[in-house]
Amino acid sequence: MPRARAIQPGAAKVRMNLTPMIDMTFLLIVFFILTSQISNVEVAEEINLPAPHDSVSVDPEEDHRMVINLIPDAGDRARITSMRLGFRTLAFDSAGRAELRDELLAAVAADPTLKVDIRADRQAAYGEVYPILRLASASGARRVDLVVAATLDQGDLHEEGQP
Amino acid sequence: MTQSSSSRLTSLDAVSSNPVAEASGGYHRPLSRRHRVESDLRLNLVSMIDVVFLLFMYFLLTANFTLGEEVFLIDVPQTQQAGMDDPFELPDRPLIIRVATIGPGEADCAIQIELPGLEPTPTFESLYRRLTDHQVRPGNTTGLFMTDNPIHIVPTRATRWEHTVETLNACLRAGYTNVRLIQPGS
């Protein structure tokens with residue numbers, strides 16, 4: 001008697017299907033684990049990268065590299081307050097630079113083909129960035145790359161438009 | 001007898017016109033009047049959401065995570081051993097470009113190529129043009145510098161990083177291959 005069951009008096013039975021919620025939760029967990037790791041290592045959102053006009057910069061290679069983020073001061077962006085190296089934050093003083101030098105030397109000793117990426121804010125003063133450039137080049141790294149924001153230039157449009 | 005057979009026919013007609021009953025492989029269940037009005041046809045969204053999220057994850061993982069960043073490749077000169085230099089090679093005199101930030105704006109900078117008789121260049125585009133004009137290449141009578149001639153960029157301590165990078169970009173864009181950033185000048 002299905003009809004009799006449908007109009008049964010009493011409290012309504014509300015059931016929640018947990019399966020899709022669990023699916024979604026696991027997918028979100030995996031997503032956040034993967035993206036948070038990448039963003040911590042490579043991206044420091046406080047940095048507003050320079051975007052040169054008609055840039056001849058190239059896509060970064062997918063090989064072993066160390067990314068040094070130079071975090072600017074929130075009030076005076078010409079000044080650098082700290083350095084972020086992977087998951088670690090180093091102070092931008094003589095002790096922090098000594099620590100960075102040791103890290104770089106250890107990393108180059110472990111992998112002589114290591115490349116160093118330097119991410120600095122567009123407003124940062126050259127006098128602040130230069131000591132880190134010197135440290136990176138003196139560490140014996142194969143190459144020191146300067147990271148800039150990618151821009152879509154007129155040349156790119158022409159290249160894309162060509163068959 | 002006649003009345004009952006006609007009512008049975010009506011009931012069968014209603015069942016055959018019901019898409020749910022047809023979809024269930026010919027199993028005919030007598031439907032009430034209420035079921036004739038409201039169809040039981042429902043779309044199961046759960047599996048669709050699962051598949052959509054799986055596709056979403058796939059595209060996220062296979063996407064490029066560089067987030068719109070590019071790099072200027074700068075080769076670090078390796079330390080040369082003694083006796084490796086060519087004794088007959090003439091030393092290349094570096095072309096020095098001085099850059100200074102003179103205001104808060106993006107274009108507020110002063111660029112000076114250290115060459116006798118050259119006025120300061122007001123923009124990075126004009127710097128690029130001058131560097132191209134003075135490049136040695138077939139047919140260029142005003143060429144002074146080979147593409148491997150060293151170029152030293154000398155910003156001041158207060159020069160903004162964006163102006164330093166723009167200068168570097170202008171030199172590389174002009175085709176010069178030996179460009180270096182030098183200790184900040186006064």
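**Group meeting: a walk through a predicted two-chain model**

Hi everyone, let me begin at the surface: A:Met24, A:Leu28, A:Phe32, B:Leu43, B:Leu45, B:Met48, B:Ile49 and B:Val52 together make a nonpolar patch of about 740 Å². Two elements give two or more residues to this patch, namely helix H2 (18-42) of chain A and helix H4 (45-62) of chain B. The largest share, 4 residues, is from H4(B). Please keep in mind throughout that this is a predicted model.

Let me pick one residue out of that patch. A:Leu28 sits in helix H2 of chain A. Is A:Leu28 buried or exposed? Neither label fits, because its relative accessible area is 36%, and the buried class ends at 20% while the exposed class starts over 50%. So A:Leu28 goes down as partly exposed.

Now a step back to chain A as a whole. Its secondary structure amounts to 5 helices and 5 strands, and starting from the N terminus the order reads α-α-β-β-β-α-β-α-β-α. Chain A has 163 residues, and 36% of them count as buried. About 9600 Å² of chain A is exposed, with 57% of that supplied by carbon and sulfur atoms. For those of you who like contact maps: take the contacts in chain A between residues at least 6 apart in sequence, and 68% of them join residues at least 24 apart.

Let's go inside. The largest nonpolar core holds 51 residues, and A:Leu133 and B:Trp161 have the most contacts within it. Which element gives the largest share of this core? That is helix H4 of chain A, residues 126-138, with 7 residues. There is another core apart from this one, made of 5 residues, including A:Ile47, A:Ile71, A:Val147 and B:Val71.

B:Trp161 deserves a slide of its own. Setting aside neighbours within four places in sequence, B:Trp161 contacts A:Pro50, A:Ala120, A:Asp121, A:Arg122, A:Ala124, A:Tyr126, A:Val129, A:Leu133 and A:Leu146, and from chain B it contacts B:Leu181.

Next, three aspartates of chain A, starting with A:Asp145. This residue belongs to strand E5, residues 143-149. Why does A:Asp145 count as buried? Because its relative accessibility is 4%, and the cut-off for buried is under 20%. Who surrounds this acidic side chain's residue? Beyond its neighbours within four places in sequence, A:Asp145 is in contact with A:Val116, A:Asp117 and A:Ile118, and across in chain B with B:Val71, B:Phe72, B:Leu73 and B:Ile74. You may remember B:Val71 from the 5-residue core.

The second one is A:Asp73, in the loop between strand E1 (65-72) and strand E2 (80-85) of chain A. Its side chain reaches the backbone nitrogen of A:Gly75 at 3.1 Å. If we leave out residues up to four places away in sequence, A:Asp73 touches A:Arg79 and A:Thr81. How far apart in space are A:Asp73 and A:Glu46? They are 27 residues apart in sequence, and their C-alpha atoms are 9.2 Å apart.

The last one is A:Asp54, which is found in the loop between H2 and E1 of chain A. Its phi is near 45°, a positive value in a residue other than glycine. As background, most residues other than glycine have a negative phi. A:Asp54 is also partly exposed, with a relative accessible area of 31%.

That's my tour, thanks for listening!

How values were computed:
Residues numbered from 1 in each chain as written. Chains lettered and ligands numbered in written order. Predicted model: local features only at pLDDT ≥ 70, side-chain atom pairs only at ≥ 80, totals over all residues. Heavy atoms only, no water. Buried < 20%, exposed > 50% of the residue type's maximum accessible area, 1.4 Å probe, protein only. Contact = heavy atoms within 4.5 Å. Areas by Shrake-Rupley, 256 points an atom, 1.4 Å probe, with all protein chains shown as cover. Core = buried A, V, L, I, M, F, W, Y, C linked by side-chain atoms within 4.5 Å. Polar contact = N/O pair within 3.5 Å; in protein donor to acceptor, adjacent residues only side chain to side chain. Patch = residues over 30% accessible without salt bridge, like charges linked within 9 Å, V, L, I, M, F, W, Y side chains within 5 Å. Salt bridge = Lys/Arg side-chain N within 4 Å of Asp/Glu carboxyl O.
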